Amino acid sequence: MFDEMISLLKKGEMVQLDLLRKRFDLALIKKIGVVKTPYTFWSADKKINPASKELLWAVILLEDRENFMLVEGIITTEIDERQKVSGHSSNDISVQQVIDVFIQEFFQLSPSVKFRNFLEQKVKHTLP
């Protein structure tokens, strides 16, 4: 769902925000539907179960603080469910650690220092 967004970011270009908003809203609905089902039924198909990191990146580009909190909750749910299945405790990895990794991956998409600075400003305007 976000392949175009990622491709443009790698070129140092921004996606059209109105188009990104529509894709994000649709992806968020799909993601919420997935996390409401039992973990064993979660699809690996990104068309059905959009990647949380890509949802996070879209929220950052949209500077959408309200939906950031929702995406953060989704990431929390994913971590909790994976840890239940694997038998690890919920203290093994924190939501903040996962978000930090996703943000570093987001910055790595940037082809230039100037564009990375632009992305850093987006992060500062979005994260609490």
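Helices here are DSSP runs of H or I with at least four residues, and they are numbered from the N terminus. The model is predicted, so keep its cut-offs in mind: local features need pLDDT of at least 70, side-chain atom pairs count only at pLDDT 80 or more, and totals for chains, interfaces and linings use all residues. Residues are numbered from 1 along each chain as its sequence is written, and side-chain values use heavy atoms, with hydrogens and water left out.

**Exercise 1. Find Glu63 and say what stands out about its backbone.**

Step 1: Start with the place. Glu63 sits in the loop between helix 3 (52-62) and helix 4 (65-86).

Step 2: Look at phi. For Glu63 the value is near 50 degrees, which is positive although the residue is not glycine. Most residues other than glycine have a negative phi.

Step 3: Is Glu63 buried or exposed, or in between? Buried means under 20% relative accessible area, exposed means over 50%, and partly exposed is in between (1.4 Å probe, protein chains only). Glu63 has 34% relative accessibility, so put it down as partly exposed.

**Exercise 2. Work out how helix 3 and helix 4 lie against each other.**

Step 1: Take the axes, which are lines fitted to C-alpha atoms over the stretch in contact, with angles from 0 to 180 degrees between N-to-C directions. For helix 3 and helix 4 the axes come within 10 Å and cross at roughly 165 degrees.

Step 2: Turn the angle into a word. That crossing makes helix 3 roughly antiparallel to helix 4. The cut-offs are under 35 degrees for roughly parallel, over 145 for roughly antiparallel, 65 to 115 for roughly perpendicular, and oblique for the rest.

Step 3: Add the handedness. Helix 3 and helix 4 make a left-handed crossing. A crossing is left-handed if the near helix is turned anticlockwise from the far one by less than a right angle, and right-handed if clockwise.

Step 4: List who touches whom, where contact means heavy atoms within 4.5 Å. Helix 3 brings Ser52, Leu55, Leu56 and Val59, while helix 4 brings Asn67, Phe68, Val71, Ile74, Ile75 and Glu78.

Step 5: Sort the residues of this contact by class: seven are nonpolar, two polar and one charged. Here Ala, Val, Leu, Ile, Met, Phe, Trp, Tyr, Cys and Pro count as nonpolar, Asp, Glu, Lys and Arg as charged, and the others, Gly among them, as polar.

**Exercise 3. Do the same for helix 3 and helix 5 (95-108).**

Step 1: Helix 3 and helix 5 pack at about 70 degrees, and their axes are 10 Å apart. The two helices are therefore roughly perpendicular.

Step 2: The crossing of helix 3 and helix 5 is right-handed.

Step 3: From helix 3, the residues that meet helix 5 are Ser52, Lys53, Leu56, Trp57, Ile60 and Leu61; their partners in helix 5 are Ile99, Phe102, Ile103, Glu105 and Phe106. By class, this contact has eight nonpolar, one polar and two charged residues.

**Exercise 4. Describe the largest nonpolar core.**

Step 1: Get the term straight. A nonpolar core is a set of buried Ala, Val, Leu, Ile, Met, Phe, Trp, Tyr and Cys residues joined through side-chain atoms within 4.5 Å.

Step 2: Which residues have the most contacts inside the largest core? They are Met5 and Phe106, in a core of 38 residues.

Step 3: Ask who supplies it. Helix 1 (3-10), helix 2 (17-35), helix 3, helix 4, helix 5 and helix 6 (113-126) each give at least two residues. The largest share, eight residues, comes from helix 3.

Step 4: Zoom in on Phe106. Not counting residues up to four places away in sequence, Phe106 touches Leu9, Trp57, Ile60, Leu61, Leu119 and Val123.

**Exercise 5. Compare the surroundings of Phe24 and Glu54.**

Step 1: Phe24 is in helix 2. With 0% relative accessibility, Phe24 counts as buried.

Step 2: Leaving out residues up to four places away in sequence, Phe24 touches Phe2, Leu55, Ala58, Val59, Leu62, Asn67 and Val71.

Step 3: Now move to Glu54, found in helix 3. Glu54 is buried too, at a relative accessible area of 5%.

Step 4: With residues up to four places away in sequence again left out, Glu54 touches Phe2, Met5, Ile6 and Lys46.
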